[in-house]
Amino acid sequence: MKSSFNLIGLVIALVVVFTTFGVLIPGGSFFHLDNLELMLRQSSIIGLSALGMTFVIIGGGIDLSVGSITAFSSVVVAWMLLRDYSPWVAFVGAILTGTVSGILNGLLVTRLKVGPFIVTLGTMLIVRAVGKGLANNTSITPKHETWLGKLIDPLKEPDRWHVLPWGVWWLIFLAVAMGLVLRYTRFGRHVVAIGSNEAAARLCGVPIDRVKLAMYALNGAFCGLAGILLFAKLGQADPTSASGMELEVIAAVVIGGASLSGGEGTILGTLIGAMIMQTIKSGGAQKGWSDWVQEIVTGVIIVLAVALDRWRVRRAAEKG
Amino acid sequence: MTTPEAPMVAMRGIVQRFGATVALAGVDFEAHAGEVHAIVGENGSGKSTLMRVLAGTMRPDEGSMELEGRPFAPHSPAEARVAGVAMIHQELTIVAHESVLGNVLLGIEPTRFGWLRRSQMEALARPTLSALGLGDVPLDMPAGRLPIAAQQLVEIARALVTKSKVVILDEPTSSLTEVDVKRLFEVMRELKARGHALIYISHFLNEVRAIADTMTVLRDGTKVGERPVAGVTDDEIVSMMVGREIGDLYPRRPHTPGEAILRIDGLAGTKSPVEATLEVCRGEVVGIAGLNGSGRSELLRTIFGLDQVRRGQIRVGSFSGAATPHRRWAEGVGMLSEDRKAEGLAVGLSIAENTCLASLRSPFVSPARQLAAGQVGIDRLSIRARGPGQRVSELSGGNQQKVALARMLHHGVDLMLLDEPTRGIDVGSKEQIYRLIDEAALSGQAVLVVSSYLPELLGVCDRIAVMHRGRLGPARPVAGLTQESVMREAVGA
């Protein structure tokens, strides 16, 4: 099977990148469990958003507004906590915020028949601006600490029993769930069909617009969750945060083997793609690399990963 | 219930307009259970439009339809499919990344709370796939990895799994080899015996004869006639299609070969050709015959520098060595791709721009001169278009092909490499392309043409070489060849 071969290559790439940093960083601290936990915590925001983006890209779409939706959702969380809403209400509020933003994307794509690149380029600006408006152009810090602020904090003694912070568990549970949805539900298969051959899917009676709308709404919901974790990470909400995040998310999905022309991609691949990116970030930081060096390395990895994949596909095609 | 006399499906007074053009001007059509009903006509005659109306892809402006005596007005292909009318399109509508199983049941997946019910899916798909001879294909294999013929059978399975009573096949054989066509016909006969009504759109009269019981001829959006296939001659059909007597399809005049312009010696590419040696002279037309997949297209592509040369030599005039398409054009070689839409033309651009695409030698372009060049092509090849500024995507297949040929004429090539130049185009356009090939040879150009249609090769070529599993046989004068002898060589008998 081609897809399993893909995954083996990805796992090898992850192991190679990881051990390289492990060897480069003195004292073996990179291999330490604490470091693994740190990397998982740090990758959970990108990871959650990448789950939704995997569906969108497999469905032949793209969403540039994920960074803005994530930031906006985090602003909604802080705004509600500041006004003494219960954390649960803020939690639901953030997910609804993300979902509604996603539905907006979906409606614009399906009703206006404008390409998703342009639509989400527009909503990227609009949603971020709404967030800035809600936050009055500054950051919002709630007065009291709540559980929402501790979702990806390192675990302290009484909570040790759940091994990983809740934010990481979210990512793991939802990744498994989305993997199953993609493979074993009608919705999942329709997303693949639309991304692979939209005309064929339409002829077969697949409700194209409904599936696309659901796909963007789902992606928005994941950005809502990512927004909650972003708030937890910063301890406050900054409407200008998470800018450029859409590129990291797309990169994780593409490194994970998804094709920007649709039809191809897996949840597991996306997770590994996100971990490869995180390893470079963490490793580079611990190695004391400057930001600009890390960014160059990340850029090179993205191009290399996709070029390798294309080369492999071409070779497979020549071999027949 | 239906009696044998009552039609399975009836269309009455169907009118379909696209803006100012009338695609269908009140067409009546009936098809009965247990028959194969062919629809023939030139490109643009309205065959596909009529069937798209029946299959629910288009809603007619006027007219009514009945399925088994009940009114039938599908709003979408899905609705038509559920009601019992399924269409297999000329362009395959396989979802390449989806499994065979998923493809067969696409759009009608049995689910519980949105989750697929695998066992039920298999129960639905397996018998249908087995009946079509696909019982051995792994259900989870991505459908895109099946050979084209099997993909087409998957599409037919998609039609049968919904118990479609009416199955429409729109030029299903255009991408199949002869062996696969035979398989398809067996499947069609079996469906016919089981009481399905099959509607078959084709350009190939010999296929219509082989499979159809009845035929309806369309011309310019009107029905010219309906006949039992047994009683008509080819000439009658063709004159019904074109509305005029056409003379000999192949206007062969004596050619006098000059100096050799293309010499290939022991040529081998990455996969195909394996071994090819050939000489083509000015003023002659050389044909390459062979089955699909025998490496004919790859031979042309290798000569043109699109595929890599592994061994052997290519000499074009006094130039030698491997080349890029860019250099080939400069050396006076033009190529017509078999895949007009994907490779041959920039369909979003105008006729004029496509005509000049290979001849942009100066860094500046003059739109006025391009338009003039486009107009020359339109006049010379009688391309049916509003003008040289019209987008190629708006033209019919035959006229698109003529634009691709106009590009070579505009460039003034010495050697034309033509890959399936008449695939999927109407008889009128075919005739013009044959005449063009003949004129090219008379004016001292050389033509190397690949075709799957043997009568055509025998009609236009001076010499024919047969390709078999990547090996090119000797080029023999056409006078000593028959369809049978060429076919024997092609299948390696």
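Where in chain B is Phe113(B) found?

**Entry 1. Phe113(B)**

I began with this residue in what is a predicted model. I located Phe113(B) in the loop between strand 7 (111-112) and strand 8 (115-116) of chain B. I then looked up its backbone and noted a positive phi of about 50°, although Phe113(B) is not a glycine. For context, I recorded that most residues other than glycine have a negative phi. Is Phe113(B) buried or exposed? I entered it as exposed, because its relative accessibility is 79% and the cut-off for that class is over 50%.

**Entry 2. Lys163(B)**

I looked up a further residue with positive phi. Lys163(B) has a value of about 60° and is not a glycine. I placed Lys163(B) in the loop between helix 5 (148-160) and strand 9 (166-170) of chain B. Its relative accessible area is 63%, so I listed Lys163(B) as exposed.

**Entry 3. A cis peptide bond**

Which residues of chain B does a cis peptide bond join? I found Ser272(B) and Pro273(B), with omega at about -5°. I noted beside this that most peptide bonds are trans. Pro273(B) lies in the loop between strand 13 (260-269) and strand 14 (276-281) of chain B.

**Entry 4. The two domains of chain B**

I turned to the domain assignment, which gives chain B a domain 1 (9-242) and a domain 2 (260-490). I noted that 15 residues from domain 1 of chain B and twelve residues from domain 2 of chain B take part in the contact. Their centres, taken over C-alpha atoms, are separated by 32 Å. For the area buried between domain 1 and domain 2 of chain B I recorded about 1,000 Å², with carbon and sulfur atoms giving 55% of it.

How many salt bridges are counted between domain 1 of chain B and domain 2 of chain B? I entered zero. I also entered zero residue pairs in polar contact across this interface, where both residues must be at pLDDT 80 or more. On the side of domain 1 of chain B that touches domain 2 of chain B, helix 8 (residues 234-242) of chain B gives the most, with three residues. By class, I listed that side as five nonpolar, six polar and four charged residues.

**Entry 5. Chain A against chain B**

I next examined the contact between the chains, which takes 25 residues from chain A and 22 residues from chain B. Chain A and chain B bury about 1,900 Å² between them, and 61% of this is on carbon and sulfur atoms. Which residues of chain A lose the most area to chain B? I wrote down Arg186(A), Leu203(A) and Cys204(A), which together make up 33% of what the chain A side buries.

I then looked for pairings across this interface. One salt bridge is counted between chain A and chain B. In it, the side chains of Glu98(B) and Arg189(A) meet at 2.8 Å, N to O. I also recorded ten residue pairs in polar contact between chain A and chain B, both residues at pLDDT 80 or more.

Finally, I traced which helices build the side of chain A that touches chain B. Helix 6 (166-184), helix 7 (186-196), helix 8 (198-203) and helix 12 (291-319) of chain A each supply at least two residues. Helix 7 of chain A has the largest share, six residues. I classed the residues of this side of chain A as eleven nonpolar, seven polar and seven charged.

Methods
Residues numbered from 1 in each chain as written. Chains lettered and ligands numbered in written order. Predicted model: local features only at pLDDT ≥ 70, side-chain atom pairs only at ≥ 80, totals over all residues. Heavy atoms only, no water. Domains from an automatic or database assignment. Contact = heavy atoms within 4.5 Å. Buried area = accessible area lost by both parts, 1.4 Å probe. Salt bridge = Lys/Arg side-chain N within 4 Å of Asp/Glu carboxyl O. Polar contact = N/O pair within 3.5 Å; in protein donor to acceptor, adjacent residues only side chain to side chain. Helix = DSSP H or I, 4+ residues; strand = E, 2+ residues; numbered from the N terminus. Nonpolar A, V, L, I, M, F, W, Y, C, P; charged D, E, K, R; others polar. Buried < 20%, exposed > 50% of the residue type's maximum accessible area, 1.4 Å probe, protein only.
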